[in-house]
Amino acid sequence: MKIICVGRNYAAHIEELDNEKPKDPVLFLKSDTAILLKKQPFFIPEFSDEIHHEVEILVKINKIGKHINKKFSHTYYDEIGLGIDFTARDLQRELKEKGLPWEKAKGFDGSAVISNFIPKSTFTTLEDLNFRLEKNNEVAQKGNTALMLWKIDELIEYISKYFTLKIGDVIFTGTPAGVSKVNPDDILKGYIEDFKMFSIKIK
Ligand code: ZN
């Protein structure tokens, strides 16, 4: 499976990083080795002094597809989840300045937290979902899918122009504002509405 991530999909997060608003979605990939194994802590890698959490709604692809029209996107997923796109912000800044690819800052081992998935039918709509990340029991990031610049169905149309989607692929749909640095002993808990999706210890 592969992990497709969307960057800059929430206006307020674009502003906090002083990025330009893109005219198309920003995409990058993580390999399956980036997945943080279930119930494992996240170890801050030695190559970064500034690991940021980015909490994101996840979509799990349930059938193979290419050049998907957004009208049919909804038939390509039944389940959603919540994840963290851990980012070595210091390294990413360096790579961006040099115009180099971000993989080392975004795709390193353990950089993808993927929760269990829940049926999308649990919710009346996916276009008005509250989600949040708590750091040490205080809300660090709060988002609502209504604030996405590109909605899930539009993302699937766009992504599938470039990458064939396969069963089990996971899309990270972008982070809202509030990203911040993690430190040893932090506890990160993620929620979609009132469903607790994960709890991660930082080491
Ligand atoms: Zn992200």
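**View 1. Lysine 39 in its loop, with a positive phi.** In this predicted model, lysine 39 sits in the loop that runs between strand 2 and strand 3 (51–52). Its phi is positive, about 65 degrees, even though lysine 39 is not a glycine. Is lysine 39 buried or exposed? With 85% relative accessibility, lysine 39 goes down as exposed.

**View 2. Aspartate 18, another non-glycine with a positive phi.** Look in the loop between helix 1 (11–16) and strand 2 (26–30) to find aspartate 18. Phi here is near 60 degrees, so to speak on the positive side for a residue other than glycine. Aspartate 18 counts as exposed because its relative accessibility is 73%, and the cut-off for exposed is over 50%.

**View 3. Leucine 29 in strand 2.** Leucine 29 belongs to strand 2 and counts as partly exposed, at 31% relative accessibility. Which residues does leucine 29 touch, not counting those up to four places away in sequence? They are Ile3, Ile4, Glu103 and Phe163. For a distance to check on screen, take leucine 29 and lysine 106: they are 77 residues apart along the chain, yet their C-alpha atoms are separated by 8.5 Å.

**View 4. The zinc ion and its protein donors.** Three residues supply the protein donors of the zinc ion: Glu54 (OE), Glu56 (OE) and Asp85 (OD), at 2.0 to 2.1 Å from the ion. Written as a sequence pattern, the donor residues are spaced E-x1-E-x28-D. Glutamate 54 comes from the loop between strand 3 and strand 4 (55–61), while aspartate 85 comes from strand 5 (residues 77–85), so this pair ties together parts that are 31 residues apart in sequence. Are these two residues buried or exposed? Glutamate 54 is buried, with a relative accessible area of 4%, and aspartate 85 is buried too, at 0%.

**View 5. Helix 2 and what it packs against.** Helix 2 covers residues 89–97, and its buried residues are Arg89, Asp90, Leu91, Gln92 and Leu95. As a general reminder, an α-helix has 3.6 residues a turn, so residues three or four places apart point the same way. Where do the buried residues of helix 2 pack? Their partners are helix 1, strand 3, strand 6 (87–88) and helix 3 (103–106). Just after helix 2 comes glycine 99, with a positive phi of about 70 degrees.

**View 6. Helix 4 and its strand partners.** In helix 4 (residues 152–162), the buried residues are Ile152, Leu155, Ile156, Tyr158, Ile159 and Ser160. They pack against strand 1 (3–7), strand 2, strand 4, strand 5 and strand 11 (170–172).

**View 7. Phenylalanine 117 between two strands.** Phenylalanine 117 is in the loop between strand 7 (112–114) and strand 8 (118–119). Phenylalanine 117 is buried, with a relative accessible area of 16%. Setting aside neighbours within four places in sequence, phenylalanine 117 is in contact with Leu58, Val59, Lys60, Glu79, Ile80, Gly81 and Val170. How far is phenylalanine 117 from phenylalanine 47, C-alpha to C-alpha? The separation is 31 Å, for a pair 70 residues apart along the chain.

**View 8. Proline 119 in strand 8.** Proline 119 is part of strand 8 and counts as partly exposed, at 41% relative accessibility. Once neighbours within four places in sequence are left out, proline 119 is in contact with Asp78 and Glu79. Measuring tools set aside, the model puts proline 119 and glutamate 56 at 17 Å, C-alpha to C-alpha, with their positions 63 residues apart in sequence.

**View 9. Zooming out to the whole protein.** The protein has 4 helices and 13 strands. Its C-alpha atoms fill a box of roughly 45 × 40 × 30 Å along the principal axes. The radius of gyration is 16 Å, which agrees with the value near 17 Å for a compact globule of 203 residues. Of those 203 residues, 52% count as buried. Among contacts with a separation of 6 or more, 76% come from residues 24 or more positions apart. About 10,000 Å² is exposed, with carbon and sulfur atoms supplying 51% of it. As for charge, the mean positions of the 30 positive and 31 negative charges are 4 Å apart.

Conventions: Residues are numbered from 1 along each chain as its sequence is written. This is a predicted model: local features need pLDDT of at least 70, side-chain atom pairs count only at pLDDT 80 or more; totals for chains, interfaces and linings use all residues. Side-chain values use heavy atoms; hydrogens and water are left out. Buried means under 20% relative accessible area, exposed over 50%, partly exposed in between (1.4 Å probe, protein chains only). The radius of gyration is taken over C-alpha atoms; the globule rule is 2.2 Å times the number of residues to the power 0.38. Contact means heavy atoms within 4.5 Å. Accessible areas come from the Shrake-Rupley method with a 1.4 Å probe; for residues, only the protein chains shown count as cover. Lys and Arg count as positive and Asp and Glu as negative; His and the chain ends are not counted. The place of a charge is taken as NZ of Lys, CZ of Arg, CG of Asp or CD of Glu. Donors are N, O and S atoms within 2.8 Å of the metal (3.2 Å for Na, K and Ca); water is not among the atoms, so sites may look incomplete.
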